[in-house]
Amino acid sequence: MTLIGKLPANKQGKDYVIGDLHGCYSLLQRLLEAVAFDPRRDRLFSVGDLIDRGPESLLCLQLLAEPWFHAVQGNHEYMMLQFFLPYLQTGKLPQIKDVTGSGFLNYGGDWVNQYYRSFSKTMTSAFNKALAMTLDMPLIYSVGEGNNRFNVIHAELISLDYKVAKPSAWQDSDIDCWFQQQMIPPDVEDRLYWSRTLMSSEFDSDANIEIQPGLSRTFCGHTYSTRPRQVLSHVCLDTGAFVPLLADADEDQDDFSLTLFDVRQSNWVSASYRSFGLVWGEHPKYQ
């Protein structure tokens with residue numbers, strides 16, 4: 001596994017970033033069609049959590065085979081890999097049971113049941129290929145250089161001691177150092193998967209500085225809301241694509257959707273299972 005992926009700027013086409021997919025493959029296709037995505041020139045980056053909760057998790061995982069698709073690992077991919085760790089080691093799965101205590105099945109992972117073959121105690125070949133690709137998902141992507149640089153993560157790059165640390169978030173220079181070493185400190189790695197400090201705390205307020213000096217625009221997900229928002233250079237694109245599918249979803253949850261962000265134009269478009277239309281929005285240019 002390459003912990004940090006580094007890619008040059010896209011000089012041929014556009015770069016887009018998609019929020020947490022959670023198995024909502026058909027919504028993604030609507031968005032790519034809406035922006036006339038060109039797989040020969042354009043690239044699509046994902047903030048992770050491709051799977052669980054939505055209806056098309058395997059299709060979302062299979063995007064990893066596309067040369068134009070680049071995804072970081074989210075906590076749901078992490079839980080899946082922990083769940084299948086014995087299977088990856090032995091090639092056999094006596095039953096679909098969480099023997100590793102990952103919590104995977106409790107958080108939307110029961111979709112894997114349809115790909116289990118009890119007679120051979122294995123998963124289908126299509127699932128196996130997707131699972132193998134998941135092993136290679138990095139935790140951070142760094143794209144481009146200088147003013148054109150952006151980063152892609154799942155949760156956040158906030159420091160553990162953010163209340164007293166200056167700066168509060170890790171910087172591009174830290175990412176570059178980790179890239180050279182191909183090592184991410186364990187406390188940082190944990191927060192890349194799980195932390196919600198920035199998007200669900202006192203940081204998420206109008207009084208807060210949107211930009212963290214030294215940190216390029218950093219696209220993330222993990223904590224959903226109805227619209228993209230930015231705190232300390234983190235642009236959160238998780239807008240709850242799966243929420244309208246919940247059994248207890250009501251009209252108050254109609255605004256939740258899947259969001260696609262155009263990095264160059266600094267605007268976004270969202271699609272929802274509750275509507276055939278699309279919602280377009282502008283985002284402040286990154287300074």
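# Exercises on two sheets, two helices and two cores

Strand β13 and strand β14 (residues 278–282) run antiparallel and are joined by five bridges. The model is predicted, and the exercises below work through its sheets, helices and cores.

## Exercise 1: The surroundings of β13

Task: Describe how β13 is paired with β14 and with β12, and state how β13 is covered.

Solution.

Step 1. Begin with β14. A hairpin of six residues leads from β13 to β14. Two facing pairs can be named here: W268 has G281 of β14 as its bridge partner, and V269 stands opposite W280 in β14.

Step 2. Turn to β12. The strands β12 and β13 are antiparallel and share five bridges. L258 is bridged to A271 of β13, while L260 stands opposite V269 in β13. V269 therefore appears in two facing pairs, with L260 and with W280.

Step 3. Look at the connection between β12 and β13. Their hairpin has four residues between the strands, and S266 takes a positive phi near 55° there.

Step 4. Check the cover. Of the five residues of β13, four are buried, which leaves the strand mostly covered.

## Exercise 2: The sheet that holds β13

Task: Give the strand order of this open sheet, name its edge strands and find the helix α1 that packs on it.

Solution.

Step 1. The order of the six strands is β4-β3-β2-β12-β13-β14, and the pairing is mixed.

Step 2. The edges are β4 and β14, each of which pairs on one side only.

Step 3. On average, neighbouring strands of this sheet are turned by 20° against each other, direction ignored.

Step 4. Helix α1 packs on the sheet and touches β2, β3 (43–46), β12, β13 and β14. The direction of α1 makes about 30° with that of β12.

## Exercise 3: The other six-stranded sheet

Task: Which strands of the sheet β1-β7-β8-β9-β11-β10 stand at the edges, and why is one side of each left without a neighbour?

Solution.

Step 1. The sheet is open, with six strands in the order β1-β7-β8-β9-β11-β10 and mixed pairing.

Step 2. The edge strands are β1 (4–7) and β10 (229–231); each has a single partner strand, so one side of each has no neighbour in the sheet.

Step 3. Within the sheet, β7 (residues 140–143) and β8 (residues 150–152) pair in the antiparallel sense over three bridges. V143 stands opposite F150 in β8.

Step 4. Helix α6 lies across β1, β7 and β8 and runs at about 105° to β1.

Step 5. Follow the chain on from α6. Q182 is in the loop between α6 (172–181) and α7 (186–194). Q182 counts as partly exposed because its relative accessibility is 32%. Leaving aside neighbours within four places in sequence, Q182 is in contact with T2, L3 and I4.

## Exercise 4: Helices α3 and α5

Task: Describe how α3 and α5 cross, and list the residues in their contact.

Solution.

Step 1. Two packed helices are described by the angle between their axes and the distance between the axes.

Step 2. For α3 (residues 75–83) and α5 (residues 125–134), the axes come within 10 Å and cross at roughly 115°. The crossing is left-handed.

Step 3. From α3 the contact takes E77, M80 and L81, and from α5 it takes F127, L131 and T134. Sorted by class, these are four nonpolar, one polar and one charged residues.

Step 4. Helix α3 also contains N75. N75 counts as buried because its relative accessibility is 5%. Not counting residues up to four places away in sequence, N75 touches D49, H154, Y193, W194 and H222.

## Exercise 5: The nonpolar cores

Task: How many residues does the largest nonpolar core have, and which elements give two or more residues to it?

Solution.

Step 1. The largest nonpolar core has 47 residues. Those with the most contacts inside it are L44, L50, F84, W111, M123 and F127.

Step 2. Two or more residues come from each of β2 (15–18), α1 (25–34), α2 (57–62), β4 (69–71), α3, α5, β12 (258–262) and β13 (267–271).

Step 3. Take W111 from this core. Leaving aside neighbours within four places in sequence, W111 is in contact with I51, D52, S57, L58, L61, M80, F104 and F127.

Step 4. Another core, of 22 residues, lies apart from the largest one; I158, I175, V188 and M199 are among its members.

Key: Residues numbered from 1 in each chain as written. Predicted model: local features only at pLDDT ≥ 70, side-chain atom pairs only at ≥ 80, totals over all residues. Heavy atoms only, no water. Axes fitted to C-alpha atoms, helices over the stretch in contact; angles between N-to-C directions. Left-handed = near helix turned anticlockwise from the far one by under 90°. Contact = heavy atoms within 4.5 Å. Nonpolar A, V, L, I, M, F, W, Y, C, P; charged D, E, K, R; others polar. Core = buried A, V, L, I, M, F, W, Y, C linked by side-chain atoms within 4.5 Å. Buried < 20%, exposed > 50% of the residue type's maximum accessible area, 1.4 Å probe, protein only. Pairing = 2+ DSSP bridges.
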